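Dear colleague,

Please find below the structure that I am handing over to you. My notes on the findings follow directly after it.

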Amino acid sequence: MTTDQEWLRRAIELSRRCPPSRTAFSVGAVIVGADGEVLAEGFSREVDAVNHAEEAALGRLAPGDPRLRTATVYSTLEPCGQRASRPHPCAELIVAAGVPRVVVAWREPALFVEDCRGSALLTAAGVEVVELPELAAEARAVNAHLLG
């Protein structure tokens with residue numbers, strides 16, 4: 001059985017594929033079913049210049065896919081709670097998909113968005129949010145060009 005740490009490390013690997021940006025974080029996401037099967041993967045800017053990792057992964061699955069109701073989203077960064085480039089932030093997409101659990105490496109710092117509320121939105125909707133701070137340094141390292 002693969003652990004939360006192993007799945008999150010896979011998301012970190014995916015984040016390394018992101019085309020560089022000075023205006024957005026490099027993020028990787030993996031959606032894993034209750035049976036341990038990878039349902040989908042994605043990374044920031046994979047599809048277009050404003051695509052987010054969770055959005056890319058969710059976009060690979062049919063809306064209403066019943067496996068999402070027992071899945072976990074692993075994301076290297078807290079899912080966004082607001083965004084200018086799309087009508088719905090990633091936290092809303094996760095809630096709408098019915099995913100009950102999200103595991104992240106680190107909370108979004110106030111670099112592009114002051115007071116990211118992604119985790120709060122997820123929690124308010126009944127989604128379990130788990131943070132693995134022991135992997136935060138690995139996730140941040142991919143974004144060293146932004147963080148200095």
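**Cysteines, sheet and salt bridges**

Cys80 is buried, its relative accessibility being 7% (buried means under 20% relative accessible area, exposed over 50%, and partly exposed in between, with a 1.4 Å probe and protein chains only). Please note that this is a predicted model, in which local features need pLDDT of at least 70 and side-chain atom pairs count only at pLDDT 80 or more, while totals for chains, interfaces and linings use all residues. Residues are numbered from 1 along each chain as its sequence is written, and side-chain values use heavy atoms, with hydrogens and water left out.

Why does Cys80 form no bond with Cys90, which holds the closest cysteine sulfur? The two sulfur atoms are 3.7 Å apart, which is too far for a bond, because a disulfide is defined as a pair of cysteine sulfur atoms within 2.5 Å. Cys18 is also buried, with a relative accessible area of 8%. For the sulfur of Cys18, the closest cysteine sulfur is again in Cys90, at 12 Å, too far for a bond. The count of disulfides by this rule is 0.

Turning to the sheet, 5 strands form an open arrangement with mixed pairing, in the order β2-β1-β3-β4-β5. Strands and helices are DSSP runs numbered from the N terminus (helices H or I, at least four residues; strands E, at least two), and two strands pair if DSSP finds at least two bridges between them. At the edges are β2 and β5 (128-131), each of which pairs on one side only. From one strand to the next, the twist averages 15 degrees; axes are lines fitted to C-alpha atoms, for helices over the stretch in contact, and angles run from 0 to 180 degrees between N-to-C directions. Strand β4 (residues 101-106) pairs with β5 in the parallel sense over 4 bridges. In this pairing, Val103 stands opposite Val130 in β5.

Helix α1 lies across β1 (28-32), β2, β3 (72-77) and β4, and runs at about 140 degrees to β1. Contact here means heavy atoms within 4.5 Å.

The whole structure contains 8 salt bridges, a salt bridge being a side-chain nitrogen of Lys or Arg within 4 Å of a carboxyl oxygen of Asp or Glu. Side chains of opposite charge can pair when their charged atoms come close.

Which residues form salt bridges with Arg10? One is Glu13, with the closest N and O atoms 3.1 Å apart. Both Arg10 and Glu13 belong to helix α1 (residues 4-15) and are 3 residues apart, about one turn of the helix. Another is Glu41, at 2.8 Å from N to O. This pair links distant parts of the chain, with Glu41 in strand β2 (residues 38-43) and Arg10 in helix α1, 31 residues apart. Arg10 is partly exposed at 23% relative accessibility, as are Glu13 at 40% and Glu41 at 21%.

Arg67 and Asp65 also meet in a salt bridge, at 2.7 Å from N to O. Of these partners, Arg67 is partly exposed at 35% relative accessibility, whereas Asp65 is buried at 12%. Salt bridges that share partners also join Asp4, Arg101 and Glu128 into one network.

Yours sincerely
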